[in-house]
Each structure stands twice: as structure tokens, then as C-alpha cells.
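Work through the exercises below with the sequence and coordinates open. Each task is followed by a stepwise solution.

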Amino acid sequence: MSSSLTHLLRILRWGRTLARYGALQGVERDPLTPPFARRIVRLARFGLRQPAAPDYAAALQQLGPAAIKFGQALATRPDLVGEEAAHNLFALQDSLPPAPFPLIRKAVEQALEAPLESLFREFDETPVGAASIAQVHRAVTTEGRVVAVKVLRPGIEETFAEALETYEWAAAHLEAHAGDEIRRLRPKTVIAHFRQWTRRELDLQREAASASELKENMVAESGFYVPEIDWRRTARRVLTLEWLDGIKLSKRDQLLDAGHDPRALANILVKAFLRQAVIDGFFHADLHQGNLFALPDGRLAAIDFGIMGRIDRRARRWLAEILYGLITGDYGRVADIHFEAQYVPPHHNAEEFATALRAVGEPIRGLPVKDISVGRMLEGLFSITRDFDMPTQPHLLLLQKTMVMEEGVATFLDPDINMWESAEPFLREWIRSELGPEAALADRLIKWKRTLEKLPDLIDRVDHFFPAPGGAPPELPEVNVDVKQFPRPAWRDLLVALLGAGAGAAALYLLI
């Protein structure tokens, strides 16, 4: 564990870099910033000329891998960092210069416990991509299959562990010395989720398992493809998967030249995401253009499964009803769901909350369908959280970030498409199937079935504590004796008795 002085010096060093890009101006000017934090900011920027417009993404890029990933997490929190900063952080480029190949070779051989030549016939020394956590190399296996090999950067775990320790220290002090508004945003919880997020990304074997699970779930979506995992050449620090010959969705001109239909690709993306998030509750949470490819046969393929989101069935039902209620203008029902889900503290008024929701929904309902923005709607919802003391819901924040990102990709492919054109009938049908009488009856039958399955075990436990009479003969009757309780001597009586006995013994000794 590092000392408080180490954490402070580290924060000052980071703050110096952030100040150089003007990234601390908002923190210093915010009236909610605790005095001790404002003093650290002033010390960090001392003697520096700050630009008029802050560039948060460039600042975090300079700080390295942990800061880049933290910035991507903060991009999902416009309620915490503000709309302007969140928009800037979405442009954060997850890329760094590649690590030297000798270090990568050593890492692969240690992880797979075999010489590189025994596993791969070819292994390109120059990576096709180098991100903050790992880099990817093209290779050919000894069986002749072309694969992509993802390798963690050497020393990346230590880098993240050091940064996370300071993040946790800063969040704890911020929450302890800040006001109610900062505590409502739960900075310690934010860092806890960031730790969980990065722990998953740093385990490539777990990423492989996520890809495998998503592939099974998406069998019904023939237009969406997940590459095969090479489990023999996969470990915690190395992931080997099928090589995809496709065009990144960020290269729209190349897509058109190759004969792809951008509108069809956008529809595949929207439908696949809705199936993942609403039906399965397990979704790819990093759907930017760099992770999506158009395959030669017209299918859409995804890579990079380090960040995945999960939502349980009850939360999915609430979410679907909230989104559908906003589309149809049923603000009373949306408000009721927020109170049922305990997203809003019970001391607030549901009717007042419905009015606040109306202020978000009505400006959107008057627009043509193609002009309705998911991002704008969700930003409006975030804006009312402060007035109603709504605590952060981390499981929904990742979904919100993914929805905005996915809408951006779909709009890039086809400016005339809108998520709601596909989402509205999808949500309506899912809600009907989930909340209709058939679903209610099915849920009741499942509940009864589970209750019946518990009965044998319950009977066994009752029999254990209340066994049936055995084959031994009945016990003989015993004589009932009225047992008298002797009075307990008081301490004073006992002391007098001891003194009397002592005096008697002394007198007897003198007479003898």
C-alpha cells in the first residue's frame, strides 16, 4: 500500500499534465468542489498557461493506459463530468505505440508455456493494432489457420494497480470531505466499478469466454457474426481468435466501393444490439466503428469483448417499459417504474417526477421519428437526477453509453436511420410477451415448479429434526422427585461465616 504522500505526489504529477491541457478548469470553478481539492488543483496548475478550451481526451492520452481507460469510463457519466467533457472523452483514442516484439514474444511463450514456433507457423512482428491494454498481431497457426493474437502489454497489470490505488484513495477522501451532492454521485462506487471493468479487460481468457457466450446467444441473428476462439492458444495474457477479412465500419467510402449497403449494416447493428440488451441481457459494451467489420458476404462482425454488460430480467423489463413509455408519452407509468425500481427515493412525489419526465419527452415527441435522438433523450433523463436525489445506477450507465455509441455508428452509416424505427416495434412486442397474460401464467408456473422441487428436501430436513419413533423399547417410567432449590448465601453471610470460622479456629489454637 502506498502512503498518503505518495498518492498526493502522484495526483499532483497527473494534475500538472491535466492542467497543461486545461482539463482542470471545470473542477476549479465548480462550487461543489471541496476546498482541499480546489487547493490541489491550484497547486498543480501553478505557473502554467492554460488553453481557453479544455481537451480532456488529449490530457488523458498523455497520462497513459490507466488514464485512457478511466476517461472512457467517465465518458459514460455526463452527470458526473458534464455534457461537454463527456462528449470530448468519447473521442478518446485507445491507442499507444506498440511494445517491442521481443517482449511480446516472451509474453506469448510464458503465457502458453511453449515456444512460439511450436504454436504458429508465421507470426507478424508488427502489430495490426496497439491499444492501451493490449496489441494484436496477425499469425498463422501450425494447422494453417489465419488468426489474430491479442497480447497484454508487458507490465500493464502493475501500471493499473498503481493507478487504481491512487484513484481509490482520492475517491475516499473526496467522499469524506465533500457535500451531499458529491456523495450522491458515489465516487467510491465509480472507482469500484472501474476496478471491476479493468480486471475483466486484463483477463483475456475471460474475454474469450465472453465472446463464446455472445456467439451462442447470437445464433438467431444470422447477420451478426462473432469470431471463433482458439482455446488451445488462449490464456490469461494471450487471446487467439479467428482472423476476419472485412472492412471497418469507420471506412464508409471503402464500404461503398466494396458494394456494401450501409443502411442494411445499420439495421443489423440496431437489431443485434436490441437482442443482446433487451432479450439476452448480455451485450457488447464497446460497439464503436473500430470494433465492427463488414464481411464480404454482407454480415456484420464484432471484435474486442473485454467490456461486456449484463442486466437481469427484472431490470430489462423496467428499462423496456421506461423507453417505450417515453416514446408513447405515458409519463405516469414511467414515473411509477422509477419508484418501483427504487431509482428515485420514496420521499419524492411520483406526480412531480412524471412532470419532470414530460419536460424531457414532449420536445422529442413533436419531432419526426428520424430526428429523435437516443442520446438527447438520455441526456435529458440525466439532467433531472440531481433534482430528485437519484443515486447512480452503474448497471444502466454502461448500457446508456453503449446505446449512444451504437446510435452514433448507425447514424454514421445511414444519416436517415433512427434507433426508434427499429426499437419501437421491437420493444412493444417484447413488452407484450413479457408482461402479457401468457408471460404472467408462465412465470407463475415456473414459480410453482420451483416450489414443488424444494418439497423433497424440505421433507428430509423435517424428518431429520423430528424423526419417527425407532425400534428400541419404550423407556421405563421415572419417579418424579420434587427438587428443592437451596437458598444461595449472600456474599455478606458468606463473609461473616468465614470470619466466624477463622475466629473459632484461632481461639481453639490458643486454648491448646
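The exercises go from the whole chain to its cores and then to one helix pair.

The model is predicted, so local features need pLDDT of at least 70 and side-chain atom pairs count only at pLDDT 80 or more, while totals for chains, interfaces and linings use all residues. Residues are numbered from 1 along each chain as its sequence is written, and side-chain values use heavy atoms, with hydrogens and water left out.

**Exercise 1.** Describe the protein as a whole.

Solution. Start with secondary structure: the protein has 23 helices and 11 strands, taken as DSSP runs (helices H or I, at least four residues; strands E, at least two) numbered from the N terminus. Next, burial: of the 512 residues, 44% are buried, where buried means under 20% relative accessible area with a 1.4 Å probe, protein chains only. Then take contacts, defined as heavy atoms within 4.5 Å. Among those with a separation of 6 or more, 69% join residues 24 or more positions apart.

**Exercise 2.** Locate the largest nonpolar core and say why it lies between two domains.

Solution. A nonpolar core is a set of buried Ala, Val, Leu, Ile, Met, Phe, Trp, Tyr and Cys residues joined through side-chain atoms within 4.5 Å. The largest one has 74 residues, and Y167, F194, L249, L292 and L399 have the most contacts inside it. Helix α15 (residues 262–280) gives the most, 9 residues. Domain 1 (4–96 + 158–200) and domain 2 (246–441) both contribute residues, so the core lies between them; the bounds come from an automatic or database domain assignment. As a check on one member, the residues that L249 touches, leaving aside those up to four places away in sequence, include L292, F293, F412 and L413.

**Exercise 3.** Find a second core and characterise L116.

Solution. A separate core of 17 residues includes F101, L112, L116 and F120. L116 is in helix α9 (residues 116–119) and is buried, at a relative accessible area of 4%. Beyond four places in sequence, L116 touches F101, R105, V108, E109 and F123. The C-alpha atoms of L116 and K106, 10 residues apart along the chain, are 8.7 Å apart.

**Exercise 4.** At what angle do helices α4 and α5 pack, and which residues make the contact?

Solution. Helix α4 (residues 56–63) and helix α5 (residues 65–74) pack at about 145°, with axes 6 Å apart. Axes are lines fitted to C-alpha atoms over the stretch in contact, and angles run from 0 to 180 degrees between N-to-C directions. L60, Q61 and L63 of α4 meet P65, A67, I68 and G71 of α5. These divide into 5 nonpolar, 2 polar and no charged residues, with Gly counted as polar and Pro as nonpolar.

Technical notes: Buried < 20%, exposed > 50% of the residue type's maximum accessible area, 1.4 Å probe, protein only.
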